[in-house]
Amino acid sequence: MSDTTYLAQGPRAAIRPFTHGDAGEFTARVRESRELHHPWLFPPASSDTYAAYAGALIEDPARAGFLVCERNGTAGSPDGGAIAGFININNIVMGGFRCGALGYGGFAHAAGRGLMSEGLGLVIGHAFGPLGLHRLEANIQPGNAGSIALVRRAGFRLEGFSPDFLFIDGAWRDHERWAVTADMR
């Protein structure tokens, strides 16, 4: 992967859009990371489910999907390029709202290395820059300490609590509402 395909890059991580060609690496990383993701997240683990997932991110103007990639790493080229995780902006509404809701996950091989923190900073810059958003929200289950720490490091503020907010892993789950606005950066 050459640096010219990245939308934004930092010292160790870069972001780029999802492609259909990422199915093999993405789904392999998901399968390797099941223990890390459970019970919070269930990203696509097969080529069929990835095709539908990536297709929606690529084609739906109310969504924007970003792969967080290592700039140096294990992909076999000087530029690295291994997928470290993903950050999606869902439910994008423009007009007077200009807001989107984040969904994200890091992969086990990249856990604890700061790549998702760097990647989230890049996505926030892209959201508040080229995408023209004013606000990003993240709804997080209260027990997901890693996810809460990620958004807190990125400058999100806790805005509230939503009981029975999302149906995940067979039950309605409570969530904390976190947000950041362009003027907070």
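In what order do the 8 strands of the open sheet lie, and what kind of pairing joins them? The order in this sheet is 1-2-3-4-5-6-8-7, and the pairing is mixed, where two strands pair if DSSP finds at least two bridges between them. The model is a predicted one, in which local features need pLDDT of at least 70 and side-chain atom pairs count only at pLDDT 80 or more, while totals for chains, interfaces and linings use all residues. Residues are numbered from 1 along each chain as its sequence is written, and side-chain values use heavy atoms, with hydrogens and water left out. Helices (H or I, at least four residues) and strands (E, at least two) are DSSP runs, numbered from the N terminus.

The edges of the sheet are formed by strand 1 (8-9) and strand 7 (157-168), each of which pairs on one side only. Within the sheet, strand 6 (residues 135-140) and strand 8 (residues 171-181) are paired in the antiparallel sense over 6 bridges, and Leu136 stands opposite Val180 in strand 8. Helix 4 (residues 115-128) lies across strand 1, strand 2 (13-17), strand 3 (64-70), strand 4 (83-93), strand 5 (99-106), strand 6 and strand 8, and runs at about 30° to strand 4; axes are lines fitted to C-alpha atoms, for helices over the stretch in contact, and angles run from 0 to 180 degrees between N-to-C directions.

Helix 4 also holds His126, which is buried, with a relative accessible area of 13%; buried means under 20% relative accessible area, exposed over 50%, and partly exposed in between (1.4 Å probe, protein chains only). Leaving aside residues up to four places away in sequence, His126 touches Leu7, Ile15, Phe66 and Leu131, contact being defined as heavy atoms within 4.5 Å.

The largest nonpolar core has 32 residues, of which Ile87, Ile89, Leu102, Tyr104, Leu120, Leu136 and Phe156 touch the most other members; such a core is a set of buried Ala, Val, Leu, Ile, Met, Phe, Trp, Tyr and Cys residues joined through side-chain atoms within 4.5 Å. The largest share of this core, 8 residues, comes from helix 4. A second, separate core of 15 residues includes Tyr6, Phe18, Phe26 and Ala54.

In helix 5 (residues 145-153), the buried residues are Ser147, Ile148, Leu150 and Val151. They cover an arc of only 155° around the axis, which puts them on the same side of helix 5, the arc being that of the directions from the helix axis to the C-beta atoms. These buried residues pack against strand 5, helix 4, strand 6 and strand 8, whereas the face turned away from the buried side carries the exposed residues Ala145, Arg152 and Arg153.

The structure holds 10 aromatic pairs; rings of Phe, Tyr and Trp (its six-membered ring) pair if their centres lie within 6.5 Å, and planes under 30 degrees apart count as stacked, over 60 as edge-to-face and the rest as tilted. The rings of Phe18 and Tyr53 have centres 5.8 Å apart and planes at 70°, so this pair is edge-to-face. Because Phe18 lies in the loop between strand 2 and helix 1 (23-32) and Tyr53 in helix 3 (residues 47-59), the pair ties together parts that are 35 residues apart in sequence. Both Phe18 and Tyr53 are buried. For Phe167 and Trp172, the ring centres are 5.3 Å apart and the planes stand at 65°, so that pair is edge-to-face, and both residues are exposed.
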